[in-house]
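User: Please take a close look at the sheet in this structure. How are its strands paired, and what packs around them?

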Amino acid sequence: MPQANEHLSPIDQLIETLDLERLEENLFRGESPQIGWQRVFGGQVIAQALMAAQRTVTADRLVHSLHGYFLLPGDPKVPIVYQVERLRDGGSFTTRRVTGIQHGKAIFAMSASFQLEEPGYEHQATIPDVKQPEQLMSEDEFQKMFLAHAPEPVKKYWGRKRPVEIRPVSLVHYVSQEKLKPEQHIWVRATGEVPDDRHYQAAVLAYLSDMTLLDTSLYPHGRTIFDPSIQAASLDHAMWFHRPSKLDDWLLYTQDSPSSSGARGMTRGQLFTRSGELIASVAQEGLIRKRATE
């Protein structure tokens with residue numbers, strides 16, 4: 001079982017995790033850092049599956065969308081094998097299907113589409129007017145102020161160093177059970193340098209896109225994913241890559257949840273650069289089931 005390399009920073013550990021081992025044509029193996037979690041973070045699985053697909057595509061074709069389903073929780077103690085199917089290599093577009101496998105079973109299935117870069121019509125949504133990240137509490141300040149009296153799951157999540165720093169514009173959700181509008185704005189950034197390589201930049205963006213989405217669907221109910229009365233898990237994840245970004249500065253992740261029903265919550269997200277460029281859009285549905293003991 002591989003252990004997390006204590007000599008690497010969290011972001012370098014993530015980059016190492018994304019450097020998949022090629023086993024055979026269309027077959028790759030990815031490891032998970034041993035950081036004490038019971039299951040593999042969904043963003044890691046998305047990012048590794050995307051890296052596997054990218055390694056079967058010519059360098060001049062870049063991902064523009066992916067659609068994935070989480071089938072089983074990932075086991076961090078064993079590697080994940082990613083099998084890539086080459087569905088289509090067309091004149092402008094390339095399509096791949098990736099299956100993540102552990103213990104002989106599929107834990108994740110994803111389709112991804114790649115395109116030759118070409119010019120075209122341009123328009124985009126406008127970045128919301130919110131406080132800048134420098135005006136907000138840092139993760140270190142948040143930990144010192146709130147973690148001492150926080151529930152154990154919150155301590156475990158917020159207390160460790162991660163490859164991505166999060167600065168929510170509002171902290172109300174974490175410190176009260178107030179029922180809020182189903183929307184939030186979060187500044188996110190890599191905590192170190194991301195390689196000047198579009199494949200790694202897309203994979204890191206996919207990794208961080210899975211953060212905080214489920215929580216937004218619980219805002220109107222005064223709950224969080226850390227609430228022991230809630231069983232929460234991502235079910236699917238879709239992402240569209242609009243414009244490149246070097247990920248060398250803060251990104252604003254705007255999120256809203258248009259619906260929750262049937263023990264599922266659906267959330268949409270947009271990722272903007274600080275200068276206002278919309279670089280990606282995200283949609284995810286997740287399980288937000290009330291436990292029977294409540």
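Analyst: This is a predicted model. A good place to begin is the pair formed by strand 5 (residues 93-102) and strand 6 (residues 105-116), which run antiparallel and are joined by 10 bridges. Within this pair, Gly-100 has Phe-108 of strand 6 as its bridge partner.

The pair belongs to a wider arrangement. An open sheet of 12 strands is present, with antiparallel pairing, and the strands are ordered 1-2-4-5-6-3-9-12-11-10-8-7. At its edges are strand 1 (21-24) and strand 7, each of which pairs on one side only. On average, neighbouring strands of the sheet are turned by 25° against each other, with direction ignored.

Take the edge at strand 1. Strand 1 is joined to strand 2 by 3 bridges, and the two run antiparallel. Glu-21 has Arg-29 in strand 2 as its bridge partner. The two strands form a hairpin, with 2 residues between them. Asn-26 lies in the loop that links strand 1 and strand 2. The phi of Asn-26 is near 70°, which is a positive value in a residue other than glycine.

A positive phi also appears in another loop of the sheet. Ala-263 sits between strand 10 (251-261) and strand 11 (264-273), and its phi is near 65°, again in a residue other than glycine. Ala-263 has a relative accessible area of 30%, so it is partly exposed.

Now take the other edge. Strand 7 (residues 164-168) runs antiparallel to strand 8 (residues 183-190), and 5 bridges join the two. In this pairing, Ile-166 stands opposite Val-188 of strand 8. Although strand 7 is an edge strand, 5 of its 5 residues are buried. Both of its faces are covered: one side carries Val-164, Ile-166 and Pro-168, the other carries Glu-165 and Arg-167, and all of these are buried.

A record adds a label to this part of the chain. UniProt, in an unreviewed entry, places the feature "domain: Acyl-CoA thioesterase 2 C-terminal" at residues 161-287. Over residues 161-287 the chain is 16% helix and 44% strand. The end C-alpha atoms of that stretch are 26 Å apart.

Next come the helices, starting with one that lies on the sheet. Helix 2 (residues 42-54) lies across strand 2 (27-30), strand 3 (61-70), strand 4 (80-89), strand 5, strand 6 and strand 9 (230-241). Its direction is at about 55° to strand 6.

One residue shows some of the contacts made from this helix. Gln-48 is placed in helix 2. Its relative accessibility is 0%, so Gln-48 counts as buried. The side chain of Gln-48 reaches the backbone oxygen of Glu-31 at 3.0 Å. Not counting residues up to four places away in sequence, Gln-48 touches Thr-17, Leu-18, Leu-20, Gly-30, Glu-31, Ile-80 and Tyr-82.

Two of those contacts, Thr-17 and Leu-18, lead to helix 1 (residues 10-18), where both are buried along with Ile-11, Gln-13, Leu-14 and Ile-15. The buried residues of helix 1 pack against helix 2, strand 8 and helix 6. Leu-8 is found in the segment before helix 1. At 27% relative accessibility, Leu-8 counts as partly exposed. Leaving aside neighbours within four places in sequence, Leu-8 is in contact with Gln-13 and Glu-16. The C-alpha atoms of Leu-8 and Ile-288 are separated by 35 Å, and these residues are 280 residues apart along the chain.

Helix 6 (residues 198-209), another element packed against helix 1, is the last part to examine. Of its 12 residues, 11 are buried, so helix 6 is largely enclosed by the rest of the structure. The buried residues include His-199, Tyr-200, Val-204, Leu-205, Tyr-207 and Leu-208. In general, an α-helix has 3.6 residues a turn, so residues three or four places apart point the same way. The length of helix 6 can be checked as well: at 1.5 Å a residue its 12 residues should span 16 Å, which agrees with end C-alpha atoms that are 16 Å apart. At the N-terminal end, Asp-197 caps helix 6, with a side-chain oxygen 2.7 Å from the backbone nitrogen of His-199.

Methods:
Residues are numbered from 1 along each chain as its sequence is written. This is a predicted model: local features need pLDDT of at least 70, side-chain atom pairs count only at pLDDT 80 or more; totals for chains, interfaces and linings use all residues. Side-chain values use heavy atoms; hydrogens and water are left out. Buried means under 20% relative accessible area, exposed over 50%, partly exposed in between (1.4 Å probe, protein chains only). Helices (H or I, at least four residues) and strands (E, at least two) are DSSP runs, numbered from the N terminus. Two strands pair if DSSP finds at least two bridges between them. The expected span of a helix is 1.5 Å times one less than its number of residues. A polar contact is a pair of N or O atoms within 3.5 Å; within protein, one must be able to donate a hydrogen and the other to accept it, and residues adjacent in sequence count only if both atoms are side-chain atoms. Axes are lines fitted to C-alpha atoms, for helices over the stretch in contact, and angles run from 0 to 180 degrees between N-to-C directions. Contact means heavy atoms within 4.5 Å. UniProt positions are given in the numbering used here, feature names are shortened, and annotations may be inferred rather than shown by experiment.
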